[in-house]
Number of protein chains: 2
Amino acid sequence: MVDERLPQPDAEDIELVKVMHALGDPVRIRLLGVYADGGEHSCAPEAVGLGHLHKSTVSHHMRVMREAGITTTRVAGRNRYVRLRRDELDARFPGLLDALLKSLP
Amino acid sequence: MVDERLPQPDAEDIELVKVMHALGDPVRIRLLGVYADGGEHSCAPEAVGLGHLHKSTVSHHMRVMREAGITTTRVAGRNRYVRLRRDELDARFPGLLDALLKSLP
DNA sequence: CCTATGGTTGGACTGTCGTCAAACAATCTC
DNA sequence: GAGATTGTTTGACGACAGTCCAACCATAGG
């Protein structure tokens with residue numbers, strides 16, 4: 001079967017306030033730092049530096065980020081690979097992602 | 001009596017995640033747009049385009065923004081004047097405020 | 001087919017958030 | 001000083017959010 005993607009908003013439907021809300025949480029802004037390399041990342045808590053959280057909690061945070069339009073999730077077999085929607089975010093909110101990544105703690 | 005300021009964090013104590021959290025609300029990101037002109041603004045709901053909200057609610061939102069380090073409030077008589085802490089935000093999070101203001105709906 | 005893997009979903013619990021209303025406080029004006 | 005003006009504070013209430021646990025589901029590999 002061909003790769004599929006979990007539900008996510010279209011690029012033009014990404015709302016600034018939802019992006020802000022998604023990043024207004026310590027866990028998720030930390031995830032942003034993990035995704036900053038532009039690569040794909042597994043969902044396992046240990047794979048994203050969240051070994052202290054339950055896997056369902058991590059899944060919840062990833063869903064919030066995906067539904068806000070920050071990330072996209074590719075389904076491949078039993079694995080899911082998450083990465084930043086960098087181009088679409090840059091197009092919609094020019095300079096925002098760069099400024100955020102530079103300001104990360 | 002000399003003008004005073006309501007409690008606010010020092011510039012170096014402004015935390016990105018708290019700024020994000022403060023702006024992850026429809027009312028407050030709208031306030032950011034009001035303050036974008038750099039000028040001082042009264043706290044009256046009608047003065048900031050929030051005539052549909054109770055004055056105590058508006059007061060609450062202004063406090064959240066102030067305690068996040070986004071705004072500063074000058075006390076003058078019975079009035080309080082709120083404005084953006086633009087220089088300090090620019091110094092701490094370069095480019096962030098510009099990107100946000102450009103992305104405002 | 002059986003089992004292990006990687007992740008999602010639903011429920012429960014706790015805590016925080018946005019809103020309003022009423023009371024309060026400080027200042028200005030008469 | 002009395003009353004009006006400008007906000008803040010406190011309490012109440014419903015809604016939402018973060019976390020864990022248990023159950024579930026789809027797929028991969030024997």
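## Exercises on a predicted two-chain model

A:C43 is partly exposed, its relative accessible area being 28%; buried means under 20% relative accessible area, exposed over 50%, and partly exposed in between, with a 1.4 Å probe and protein chains only. The model is predicted: local features need pLDDT of at least 70, side-chain atom pairs count only at pLDDT 80 or more, and totals for chains, interfaces and linings use all residues. Residues are numbered from 1 along each chain as its sequence is written, chains are lettered from A in the order in which they are written, and side-chain values use heavy atoms, with hydrogens and water left out.

**Exercise 1. Classify B:C43 by its accessible area, and give the number of disulfides over all chains.**

Step 1. B:C43 has a relative accessible area of 28%, so B:C43 is partly exposed.
Step 2. A disulfide is a pair of cysteine sulfur atoms within 2.5 Å. The count over all chains is zero.

**Exercise 2. Describe the surroundings of B:P9.**

Step 1. Locate the residue: B:P9 sits in the loop between β1 (4-5) and α1 (16-23) of chain B. Helices (H or I, at least four residues) and strands (E, at least two) are DSSP runs, numbered from the N terminus.
Step 2. Classify the residue: B:P9 has 19% relative accessibility and therefore counts as buried.
Step 3. List the contacts (heavy atoms within 4.5 Å). Apart from neighbours within four places in sequence, B:P9 touches B:I14, B:R66, B:E67, B:A68, B:G69 and B:R85.
Step 4. Take one of these partners: B:A68 is 59 residues from B:P9 along the chain, yet their C-alpha atoms are separated by 7.2 Å.

**Exercise 3. Find how chain A is related to chain B.**

Step 1. Superpose by least squares on the C-alpha atoms of residues with pLDDT of at least 70 in both copies. A turn of 180° with a shift of 0.0 Å along the axis lays chain A on chain B, with an RMSD of 0.0 Å.
Step 2. This is the relation of a two-fold axis.
Step 3. Both copies use the same surface, since 100% of the contact residues of chain A recur in chain B.

**Exercise 4. Describe the interface of chain A and chain B.**

Step 1. Count the residues: 18 of chain A are in contact with 18 of chain B.
Step 2. Find the buried area, which is the accessible area (1.4 Å probe) that two parts lose on being put together, summed over both. The value is about 1400 Å², and carbon and sulfur atoms give 80% of it.
Step 3. Find the main contributors: A:L16, A:M20 and A:S103 supply 35% of the area that chain A buries against chain B, more than any other three residues.
Step 4. Name the elements: α1 (16-23), α2 (26-35) and α5 (96-103) of chain A each give two or more residues to the side that touches chain B. With five residues, α1(A) gives the most to that side.
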